[in-house]
Amino acid sequence: MDNHSQDMVEFGPQTHVLVTGGAGFVGSALVDLLIARNCSVTVIDDLSNGLLSNLPTDHPHLTILTFRVGDPAFNATVHDEVGRADAVFHLASPIGVELAHKERFAVTSGILESGCAIVEACRFHRRPLLYTSSSEVYGSGRDRPITEADPVMTDLRPRWGYAAAKAAVEHLVAGLFFDLGIPTWIVRPFNMAGPRQRSATGLVLPVFVNAALRGEPLVVHDDGEQRRAFLHVADAAEGLLMVMQSRCLRGRPVNLGGSEAVQIGNLAKMVVETAKTSAPIVMKPSNAVYGERFAVTYDRVPDTSLLTTMTGWRALRSTRQTIADCIEYIRTERAMA
Ligand SMILES: NC(=O)c1ccc[n+]([C@@H]2O[C@H](COP(=O)([O-])OP(=O)(O)OC[C@H]3O[C@@H](n4cnc5c(N)ncnc54)[C@H](O)[C@@H]3O)[C@@H](O)[C@H]2O)c1
């Protein structure tokens, strides 16, 4: 089957899919799903945060290319790979609030450069593109579930360079659809968690798990009452596939996240309980960790009714299971190190 002239993508044995960032946490879960559907897959990942060990490297339907999307020296290769693909998932991105806050220039330019390279190749070859943006575009958060109609909010504090760059690429991706008729999808993930997420990126759940397993303090910022909702990575990967098969969702931003709101202080307690350790929980002001210019986020919980209504998607795994799977993964990694 040649998907190229079609509006929609079927994920099956004849489909060739390009996944940027495919050696990362979410990308590798997506690759697992695509291979289980007998798609052939090409991953491009610069291994800045991904690991080859996340992928079935010797699978006959998987090709892995290791370079930075956005590096001009590889733009021709990106062009060729997009041209060969029936569908493109662009997940490659620097991640983590800590990195965004401390290395604004590299993070902002990295998102823009890779976004422009992929968008340009998809424009040229008219390929369907799903782009993972971020809930960071909603800024400091709301005291109610956030819908896609909520405004994108950033200012010039360093943390928001990531969000502003994600939002700028959203415009390019939306423009491909609304101005040029190329099918595209924009997903705004909230907190995703589970196996293969690395604590080095500073994301809260693996950081807590890592501390708990070492018997070190779990550091909760500010009053610990800020709420988040965690989505298991396997549910997230299913969600990405379902979004890209929905006609109604083309060109529109779609929230992807969990629905069980949990306060971060309670998350720390759940991790200690589940890991069965006696690690202490300590509270610290976030500006003592990041400095005065840090932009604090309060509640950030998604309203995912658009995704559920349009595709039937639901998260199948609870927060407890997500925590347990995260502990299991980090425990196994530590045992093997
Ligand atoms: N994990 C979350 O909770 C979360 C929340 C919001 C948005 N997102 C978005 O979802 C996507 C996947 O995130 P993740 O958690 O899997 O992160 P990740 O760091 O595990 O995966 C990203 C991958 O991209 C690679 N990469 C980075 N820049 C690259 C480049 N220019 N060229 C090639 N490879 C590059 C990294 O090596 C890594 O393997 C990202 O776009 C991220 O911004 C994630």
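These legends go with several close-up views of a predicted model.

**View 1. The ligand and the residues around it.**
Let's start with the ligand, which has 28 residues surrounding it. D45, N49, V69, L91 and Y162 are the closest of them. If you sort the shell by residue type, you get 13 nonpolar, 11 polar and 4 charged residues.

**View 2. Oxygen atoms of the ligand and their polar partners.**
Which residue offers a side-chain N or O atom 2.7 Å from an oxygen atom of the ligand? That residue is N49. L91 takes part through its backbone instead: one of its backbone N or O atoms lies 2.8 Å from a ligand oxygen. At M192, a polar backbone atom is 2.9 Å from an oxygen atom of the ligand. How much of the ligand does the protein bury? On its own the ligand exposes 820 Å², and 94% of that is buried by the protein. Three elements each give two or more residues to the shell, namely α1 (25–36), α5 (160–180) and β7 (191–193).

**View 3. An open sheet of 7 strands.**
Follow the strands across this sheet and you will meet them in the order β3-β2-β1-β4-β5-β6-β10, with parallel pairing. Strands of a sheet pair through backbone hydrogen bonds, either parallel or antiparallel. At the edges are β3 (62–65) and β10 (253–256), and each of these pairs on one side only. On average, neighbouring strands here are turned by 20° against each other, ignoring direction.

**View 4. Strands β5 and β6, with helix α5.**
Here we zoom in on one pair of strands from the sheet of 7. Strand β5 (residues 129–132) runs parallel to strand β6 (residues 184–189), and 4 bridges pair them. Look for L130, which has W185 of β6 standing opposite. Helix α5 packs on this sheet and touches both β5 and β6. The direction of α5 makes about 155° with that of β6. You have met α5 before, as one of the elements that give two or more residues to the shell around the ligand.

**View 5. An open sheet of 3 strands.**
This sheet has the order β7-β9-β11 and mixed pairing. Why is one side of β7 and of β11 (261–263) left without a neighbour in the sheet? Both strands stand at the edges with a single partner strand each, so there is no neighbour on the other side. Neighbouring strands of this sheet are turned by 50° against each other on average, direction ignored. β7 and strand β9 (residues 227–232) run parallel and are joined by 3 bridges. Within this pair, N191 stands opposite F230 in β9. Helix α8 (residues 264–275) packs on the sheet, where it touches β9 and β11. The direction of α8 makes about 85° with that of β11.

**View 6. A92 and its contacts.**
Finally, find A92 in the loop between β4 (87–90) and α3 (97–102). How far apart are A92 and T20 in sequence and in space? They are 72 residues apart in sequence, while their C-alpha atoms are 5.0 Å apart. Leaving out residues up to four places away in sequence, A92 touches T20, G21 and S114.

Technical notes. Residues numbered from 1 in each chain as written. Predicted model: local features only at pLDDT ≥ 70, side-chain atom pairs only at ≥ 80, totals over all residues. Heavy atoms only, no water. Near = heavy atom within 4 Å. Polar contact = N/O pair within 3.5 Å; in protein donor to acceptor, adjacent residues only side chain to side chain. Areas by Shrake-Rupley, 256 points an atom, 1.4 Å probe, with all protein chains shown as cover. Nonpolar A, V, L, I, M, F, W, Y, C, P; charged D, E, K, R; others polar. Pairing = 2+ DSSP bridges. Axes fitted to C-alpha atoms, helices over the stretch in contact; angles between N-to-C directions. Contact = heavy atoms within 4.5 Å.
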